[in-house]
Amino acid sequence: MSHHHNPFVKKLLALFKKTHEDDKDKESSKYPSALNAKYEIGEKTLGVGSFAVVKECTNRITNEKCAVKIILKKVIAGKQQMLDSELDILTKVHHEHIVSMHDIFESNDAVYIITDLCTGGELFQRIVERGTYTEAMAADLVRQILEGLAYLHSLDIVHRDIKPENLLFKTPEEDAELLITDFGLSKLLKNNNEVLTTACGTPGYVAPEVLLGTGHGKPVDLWSVGVIMYTLLSGYTPFYGEDQNELFDSIMKAEYEFDEEYWGDISIEAKNLINKLLTFNPTERITAEEALHDIWITGETDNDINLAPNVRKGFNNRRTLRSIVAAVTAINKLKLED
């Protein structure tokens, strides 16, 4: 999905161009000199999030390629302390399944965060392209997400925005590590009651207690893992609606089913774990640590049926498209406050 016709993103890009691309002859002076001294910033924009522009950069000493996330201060006006505390957390995080931060720089206009560069693409994108894809492969991917989350949760960090766009493969290799990105920063965007925080994500991954306003602790991340696991095995999301209200209703009721056409060949262990993750009551929901010990994650599922054709069918299924359309429509109603 291209997000560029989104008014929010348009505004962000315009602001970015103004602060960073006005003066072509002063190419390098738009970045802080300390940043320039250590990194060479590439021309290409890798991505535009709801509050940042991401570019590739190269460490001048080690030649390592990294990503630089440029957060414009205007976009986070008034939330500077939050940013500081988040960044403070980011510097403590080092785990093989979490994108780590290398450096941070600041100018009058922006904050520059240097992180690992992930070149392997988004989780679902890769799966749709796979010829063979089995439950064991899905279990391996879910395990990597759970390991990253168990680590974050052990540091008392709640991600709050686990969704496919935030799960990236480190490299294009077949056996590349899966990494969790963008945690913590999602808090910056949460206006008190704002649920749709991203300019491009679907709101289908958010836990019922977030919508009900009754909680947003560690269990919210496990709920999102449940939605991802369900989607990894079927190609479509468990909750959907013709519009945002209907979608939110179905999440708040926590009603979902295992449609025989897609789930007939899938193991009972997989369904059991999904049920433990998509448990309505957050206090009864399985934790990341517990989920890592679940038989579906630990036991080699002897189910080697190729799920690829089914998952592709699920992805192309109208239901998935409908929920995405509903989400985009909802997001387009949100305008960035001036």
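Here, a residue counts as buried when its relative accessible area is under 20%. All the close-ups below come from a predicted model.

**View 1. Strand E2 sits largely enclosed by the rest of the structure.** Residues 52–59 make up E2, and seven of these eight residues are buried, so the strand is largely enclosed. On one side of the pairing list is strand E1 (residues 39–48), which runs antiparallel to E2 and is joined to it by six bridges. One pair to pick out is Val48 with its bridge partner in E2, Val53.

**View 2. E2 and E3 form a hairpin.** Strand E3 covers residues 65–72 and runs antiparallel to E2, with seven bridges joining the two. Thr58 has Lys65 as its bridge partner in E3. Five residues lie between the two strands, and Asn63, in the turn, has a positive phi of about 70 degrees. If you're following side chains here, remember that in a regular strand they alternate between the two faces of the sheet.

**View 3. Two cysteines, no disulfide: Cys57 and Cys66.** A search for disulfides through the whole structure comes back with zero. For Cys57, the nearest cysteine sulfur belongs to Cys66, 5.1 Å away. Cys66 likewise is in no disulfide, with the sulfur of Cys57 as its nearest, at 5.1 Å. A disulfide needs the sulfurs within 2.5 Å, so this pair doesn't make the cut. Are these cysteines buried or exposed? Cys57 has 1% relative accessibility, so it counts as buried; Cys66, also at 1%, is buried too.

**View 4. Helix H8 is mostly covered.** H8 takes in residues 219–234, and 15 of its 16 residues are buried. How far apart are its end C-alpha atoms? They are 23 Å apart, which agrees with the 22 Å that 16 residues should span at 1.5 Å a residue. Just after the helix comes Gly235, with a positive phi of about 90 degrees.

**View 5. Leu233 in the largest nonpolar core.** This core has 62 residues, and those touching the most other members are Leu123, Ile145, Met229, Leu233 and Trp296. Leaving aside residues up to four places away in sequence, Leu233 touches Tyr133, Glu135, Ala138, Trp263, Ile266, Ala270, Ile274, Trp296, Leu307 and Val311. Another core, of 29 residues, lies apart from the largest one; its members include Val53, Cys57, Val68 and Ile71.

Terms used. Residues numbered from 1 in each chain as written. Predicted model: local features only at pLDDT ≥ 70, side-chain atom pairs only at ≥ 80, totals over all residues. Heavy atoms only, no water. Buried < 20%, exposed > 50% of the residue type's maximum accessible area, 1.4 Å probe, protein only. Helix = DSSP H or I, 4+ residues; strand = E, 2+ residues; numbered from the N terminus. Pairing = 2+ DSSP bridges. Expected span 1.5 Å × (residues − 1). Core = buried A, V, L, I, M, F, W, Y, C linked by side-chain atoms within 4.5 Å. Contact = heavy atoms within 4.5 Å.
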